[in-house]
Amino acid sequence: MRSLSIRQVGVYTLLLAVGGGVGIWGSRHFSGVLPSQSQIIEQPSQASQVFRRLPITPDVSSQDNLNFIAKAVQKVGPAVVRIDAAREMTPNQIEPFDQPFFRRFFGQEMPLPQERIERGTGSGFILSENGEVLTNAHVVQGSRQVKVTLKDGQVLDGQVLGVDEMTDVAIVKVEAKNLPTVVLGQAERLNPGEWAIAIGNPLGLDNTVTVGIISALGRSSTEVGVPDKRVRFIQTDAAINPGNSGGPLLNANGEVIGINTAIRADAQGLGFAIPIETAQRVAQQLLTTGKAEHPYLGIHMVTLSPQLKKELNQATQEGDSPPFVVTEEKGVLVIRVVANSPAEKAGFRAGDIILSVGNQPIKTATDVQEQVEISQIGTTLPVKVRRKGKIQDISVRPDVFPQGGR
């Protein structure tokens, strides 16, 4: 047994020696074949080089990836311009030191306030290839210098051809040819919920695009907070900020449906635009005569409601105006007729309830204003009223809207 154990020990020792020798030989033999640690780390770089050499499918044209908004902007963008205007601001009163008494002591060396130049930036869009630009009246009103900057950076001198405060529309002319132009759409066919795209230069950021929907139509100037205007505004939630004024509001097809106007500084998430039909009508007058004439009747009116009826009758009982009793709760009530106006000459009376104008049914005072606005100066306009319970027809000839008229 003891001799067998010694033999086993010898075999085991021999096997260990052979195994160790093979390990050493293998390590030396394969050391030049296996990659080093640095080579393993660099392997991803080598692989990326291989991937870059693989064939790549051709790029899809960027035009194929354009959505309707981008297409509309590409279509109209080149015709949208920036308008920089400057106007002189002079003191309304003579400065106290600019008096003979003080001149006597200080002579001509006394410094006096100088004329101040106010500068503003707005937007506009090109109507014709020969340089007729449509914008807001408040962008260029009172300006002595107007610079028009095209999208490609070209700066042109602009001449203000006409301004209409009542609709906030103005026309500027630049001397150029073959200019890009917009395509006009139809605001009267709009529906709330449709897409609305605004382009302009808000806060001096040129060629800015904002998107929203048509929130409402036919907003009266009183509802919007600018009762001195004669416009039924388009309301949108597309962002319209100072500098956007005068730029185009587009539909999904890239057609101009209105002129953006930043008329409410406190409007949060609300924007307003002048319908393109109104702008076209006024612009044509400005191009032809340099001014826009608005039809005028000469009446003060309100839209009746049960609450207003109660207040008016209470005022009458207390000896205040109006000098009549209101018997109806709906309709448009004539409160006052201006002396020597077309309305007085035609026979309107305070207390009349207006039922229709130009053969169109009337529900609000804004409806009356709108029908008068689209009438022709000097042409007979039929009006139907209810007076003391009886229907009467009145034929009135609108005159030119006077300064300070109604």
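Here is a short chat about the barrel, its helices and a surface patch in a predicted model.

Modeller: Ground rules: residues count from 1 along each chain as its sequence is written, and side-chain values use heavy atoms, without hydrogens or water. As the model is predicted, local features need pLDDT of at least 70 and side-chain atom pairs pLDDT 80 or more, while totals for chains, interfaces and linings use all residues.

Biologist: In what order do the six strands of the closed barrel run?

Modeller: Strands here are DSSP E runs of at least two residues, and helices H or I runs of at least four, numbered from the N terminus. Two strands pair if DSSP finds at least two bridges between them. The barrel is closed, its pairing is antiparallel, and the order is 7-8-9-12-11-10.

Biologist: Which residue of strand 11 stands opposite Leu250?

Modeller: Strand 10 (residues 248–250) and strand 11 (residues 256–261) run antiparallel, joined by three bridges. Opposite Leu250 stands Val256.

Biologist: Is Ile213 buried, partly exposed or exposed?

Modeller: Ile213 sits in strand 8 and belongs to a nonpolar surface patch with Phe68, Trp195, Val209 and Val211. Patch members have over 30% relative accessible area and no salt bridge (Lys or Arg side-chain nitrogen within 4 Å of an Asp or Glu carboxyl oxygen), with nonpolar side chains joined within 5 Å and like charges within 9 Å. Areas are Shrake-Rupley with a 1.4 Å probe, and for residues only the protein chains shown count as cover. Buried means under 20% and exposed over 50%, so at 33% relative accessibility Ile213 is partly exposed.

Key
Buried < 20%, exposed > 50% of the residue type's maximum accessible area, 1.4 Å probe, protein only.
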